[in-house]
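Work through these exercises with the model open. Try each task before reading its solution.

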Amino acid sequence: ESDLSLSGSFNSNSSASPSALTLRAENGSIVLSGSYGQTSALGSVSFIGEADLSSSIYTSSGAISFSQDVILEAPTILDTTAQGSSPGADITFSGLVNSGSSGLASLEMNLGSGGSLLLSESIGLDSRLSSLVVLAAKSATTKDILVSDTLSINAPLTLSQDSSTLSSSGSGGVFLSDVEASIAGTQDLNVEGSSGSVSLGLIGATTPFRDFTLLSASKASASSITTSRAIDIDAPLVLVDNTILSTLGAGSEGGSIGILSVDGDSLGTRSLTLLAGQGTVSLEGTIGKSAPLSNLSVSAAKIELISELIATDGAQEYSGPFEVFIPSAIRSRESIIFDSSLQPAVGSPSLLFYPGGGSLSVAGSLGDAPFDTVAIFNAGEVNLSDVSATHFVISGGLANVTLSGEISLSSGGVFLIDAGPLSLGGKITTSGSW
């Protein structure tokens, strides 16, 4: 067993025909420091044996490959584009990649438009890199990547194991373009931004994941996320595009979707669509409080409102039974449509609607058990069936009001309709004294 140790500056002796370099220490370690190909790019570079790097490597469309585990001791650049002058080539890591004892190791890679990145094993699993940045690549494949600062991959990414984690433990953030599973509906993706932001492209659009979990971030964005079982986003979501979250991928009947607060990146320009099929959608934070969405559409077997506010400039549509956990206000400048019932989930919360001149329509009952207050302000049209509440108010605007079912009012409440005309198709019942 023997090591191979090199230091200094190594360059190709011909830019027209770059020199290939093979470093072999099959039963030992290859210890490299210095600069390789920075002045005159090398051809292909191959490491056969474990590698310990304190150097950067530049090739002219020559592949770079590592046959075994790699330890990075310092900031490292792997560039197969000869610093931008060639199309690039593949970079392959066949073993684990970890940071050395200094903890200062970062890895920056440029594969151009011609190279694919293969990370056969996990990155930073035993000792996190400070950062990993892929400036450009035709494609990338990995298992886990763990860094302490910035993780950025500017290439379509495919994950190759049952459950993968892409994590920054610091404030540098996680920035990914499109990410796909390798087998539809069988793999989980976990993303951790910690105190940094997370920016995602299309997640599972072609080959859906089974579960997607955003563990943490200061804020997050995604163009779309498609899974076959669950989506759980435990960070504020800021929409930078019209966004779809769906658990109907890979022929699934649907699964749960849980989100915290949601805002647009500008006022009234971004829509959000949530498709859960036979699953449950949980709205656990305010929606549109800082920057209202354009439109909101939710379809699920059950919709849970654990939020004090939903605000849009455009229409809201809800397909599925709706349960209200806390006092809530729903605001829109257009229509608000429910194709099923709205029920209190815990106690008797209040529910306030502000259609902003648009219509409010509820196809099912509005409270089999009573709400405390159901109030509707400044609607252009109101269509309700059964309503159960202590206080029931329709006020403002010139609404056409149609109440087609039973209006059940609890003792000591307020019943006020100062809009109209009013069409009453059912009856009004009261309990106790009025």
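**Exercise 1.** Is Leu305 buried or exposed, and at what relative accessibility?

*Solution.* Start with the ground rules. This is a predicted model, in which local features need pLDDT of at least 70, side-chain atom pairs count only at pLDDT 80 or more, and totals for chains, interfaces and linings use all residues. Residues are numbered from 1 along each chain as its sequence is written, and side-chain values use heavy atoms, with hydrogens and water left out.

Now the cut-offs. Buried means under 20% relative accessible area, exposed means over 50%, and partly exposed lies in between (1.4 Å probe, protein chains only). Leu305 has 0% relative accessibility, so Leu305 counts as buried.

Next, place the residue. Leu305 sits in strand E31, residues 302–305. Strands (E, at least two residues) and helices (H or I, at least four) are DSSP runs, numbered from the N terminus.

Then list the partners. Contact means heavy atoms within 4.5 Å. Beyond the neighbours within four places in sequence, Leu305 touches Leu283, Ile310, Phe322, Glu323, Val324, Phe325, Ile326, Ser328 and Ile330. Finish with a distance: 9.4 Å separates the C-alpha atoms of Leu305 and Pro327, which are 22 residues apart along the chain.

**Exercise 2.** Describe the setting of Ile30.

*Solution.* Find the strand first: Ile30 belongs to E3, residues 21–36. Check the accessibility. Ile30 has a relative accessible area of 0%, so Ile30 is buried. Look along the chain: Leu4 is 26 residues away, yet the two C-alpha atoms are separated by 4.7 Å. Leu4 is also one of the contacts of Ile30 outside the four-place window, and others include Phe47, Ile48, Gly49 and Ala51.

**Exercise 3.** Which backbone nitrogen does the side chain of Ser332 reach?

*Solution.* Locate the loop. Ser332 lies between strand E35 (328–331) and strand E36 (336–338). Its relative accessibility is 4%, so Ser332 counts as buried. The side chain reaches the backbone nitrogen of Glu334 at 2.8 Å. Contacts beyond four places in sequence are Thr312, Gly314, Ala315, Gln316, Tyr354, Pro355 and Gly356.

**Exercise 4.** Explain what to note about phi at Gln83 and Ser194.

*Solution.* Recall the background. Most residues other than glycine have a negative phi. Gln83 is not a glycine, yet its phi is positive, about 60 degrees. Ser194 also has a positive phi, near 55 degrees.

Now place both. Gln83 is in the loop between strand E7 (76–79) and strand E8 (91–93). Ser194 is in the loop between strand E20 (188–192) and strand E21 (198–203). For Gln83, relative accessibility is 47%, so the residue counts as partly exposed.

**Exercise 5.** Characterise the whole chain: how many helices and strands does the protein have?

*Solution.* Count the elements: zero helices and 47 strands. Take the extents: the C-alpha trace spans about 95 × 35 × 35 Å along its principal axes. Compare with the globule rule, 2.2 Å times the number of residues to the power 0.38, with the radius of gyration taken over C-alpha atoms. A compact globule of 434 residues would come near 22 Å, but the protein has 29 Å.

Turn to packing. Buried residues make up 52% of the 434 residues. Of the contacts with a separation of 6 or more, 35% join residues 24 or more positions apart.

Methods. Polar contact = N/O pair within 3.5 Å; in protein donor to acceptor, adjacent residues only side chain to side chain.
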